[in-house]
Amino acid sequence: MTVKVLIIEDNPVARSFLCRVVRESFSDAMEITEVGDLENARRQVAKFGSNAADNGFKLILVDLELPDGNGMEFLTELTGSPSLKIVTTLYSDDDHLFPALQCGADGYLLKEDRFEVLVEELQRIVRGQPPLSPAIARRLLSHFRPASSDSGTMPLNSGFGSLSSMHAPFSNSRNVALDPPPEWERLTPRESEVLTYLSKGFTIKEIANLMGIKWFTVNDHIKSIYKKLNVSSRAEAAVLASKQGLV
């Protein structure tokens, strides 16, 4: 199945550059749609749909500064969409980074990074990790470290399902839920199969090959598993699965 990708970037050179990054990052057959403004982006989403499960765009790269508005508006409009939404921008300051995460961005990449760095960061999706430029990852760590030591809570809901695993070394591991929630939600057979492979240390790409499905589908299963088991990393999921006899 062809993976649909939407790139929203008004600079033609940058748009071409991002296309090459995407094609280099993944082995899947790609159908990349390029637009230069929000109007055309909205038209494409309305045409194909943003629901990845319905063969809509599975990956969306969006610039923040566009001729007819701000990319954050578009991120907000996609709230609830299973599409992976990655910001690609030149801005690395807090005034752009944190609002973008609050608007639902699943990753944040700087276009000024080298080609090979962007490819490496975008490939983190396959490993179930949020793609973040090195400078952005450092900024996030420096922002959350003091907050963790002072109050033990994060002052910002970033919108990342897996961001909590990034600051786990600075938080109390006793918060990990080792018992099932009162209202236990059973995993589907497919999710149980994915969890079994995860527990054995297989990567998302390896699981996709073993199960004969796309890595985007595996990623969706993992998100559902994390939600049902109330965990935020594969290690926590493996421990809980073992204790509950799920695998």
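Strands β6 and β7 run side by side in this predicted model, pairing in the parallel sense over 4 bridges. Two of the residue pairs between them can be named. V87 has Y108 of β7 as its bridge partner, and I86 has G107, also in β7.

Step back a little and you'll see the sheet these strands belong to. It is an open sheet of 5 strands in the order β2-β1-β3-β6-β7, with parallel pairing. The edges are taken by β2 (30-35) and β7 (107-110), each with a single partner strand, so one side of each has no neighbour in the sheet. From one strand to the next, the twist averages 20°. Helix α9 (residues 215-229) packs on this sheet and touches β1, β3 and β6, and its direction makes about 110° with that of β6.

Now for the inner strands. On one side, β3 (57-62) pairs with strand β1 (residues 3-8) in the parallel sense over 5 bridges. β3 is also joined by 4 bridges to strand β6 (residues 84-89), again running parallel. Here are some of the bridge partners and facing residues, gathered in one place:

| Residue | Opposite residue | Strand of the opposite residue |
|---|---|---|
| I7 | L61 | β3 |
| L59 | L84 | β6 |
| L61 | I86 | β6 |
| I86 | G107 | β7 |
| V87 | Y108 | β7 |

If you'd like a path to trace on screen, start at I7, whose partner in β3 is L61. L61 in turn stands opposite I86 in β6, and I86 has G107 as its partner in β7.

How covered are these strands? In β3, 6 of the 6 residues are buried, so the strand is largely enclosed by the rest of the structure. β6 is mostly covered too, with 6 of its 6 residues buried. Look at which way the β6 residues point: L84, I86 and T88 go one way, K85, V87 and T89 go the other way, and all of them are buried.

Just after β3 comes a residue worth a stop. D63 sits in the loop between β3 (57-62) and β4 (65-66). The UniProt record, an unreviewed entry, annotates D63 as "modified residue: 4-aspartylphosphate". Is D63 buried or exposed? Its relative accessibility is 5%, and since buried means under 20%, D63 counts as buried. Which residues does D63 touch, leaving aside its neighbours within four places in sequence? They are I8, E9, D10, G71, T88, T89 and K111. Of these, T88 and T89 also appear among the β6 residues described above, pointing opposite ways from that strand.

Away from the sheet, helix α7 (residues 189-199) makes a nice example of a helix with a covered side. Its buried residues are E191, V194, L195, Y197 and L198. Seen down the axis of α7, these fall within an arc of 160°, so they line one face of the helix. After α7 comes G201, which has a positive phi, near 90°.

Finally, some totals for the protein chain. It has 10 helices and 7 strands. The chain counts 247 residues, and 47% of them are buried. Take the contacts between residues at least 6 apart in sequence: 65% of them join residues at least 24 apart. The accessible surface comes to about 12,000 Å², with 48% belonging to carbon and sulfur atoms.

Notes: Residues numbered from 1 in each chain as written. Predicted model: local features only at pLDDT ≥ 70, side-chain atom pairs only at ≥ 80, totals over all residues. Heavy atoms only, no water. Helix = DSSP H or I, 4+ residues; strand = E, 2+ residues; numbered from the N terminus. Buried < 20%, exposed > 50% of the residue type's maximum accessible area, 1.4 Å probe, protein only. Contact = heavy atoms within 4.5 Å. Areas by Shrake-Rupley, 256 points an atom, 1.4 Å probe, with all protein chains shown as cover. UniProt positions renumbered as here; feature names shortened; annotations may be inferred. Pairing = 2+ DSSP bridges. Arc of directions from axis to C-beta. Axes fitted to C-alpha atoms, helices over the stretch in contact; angles between N-to-C directions.
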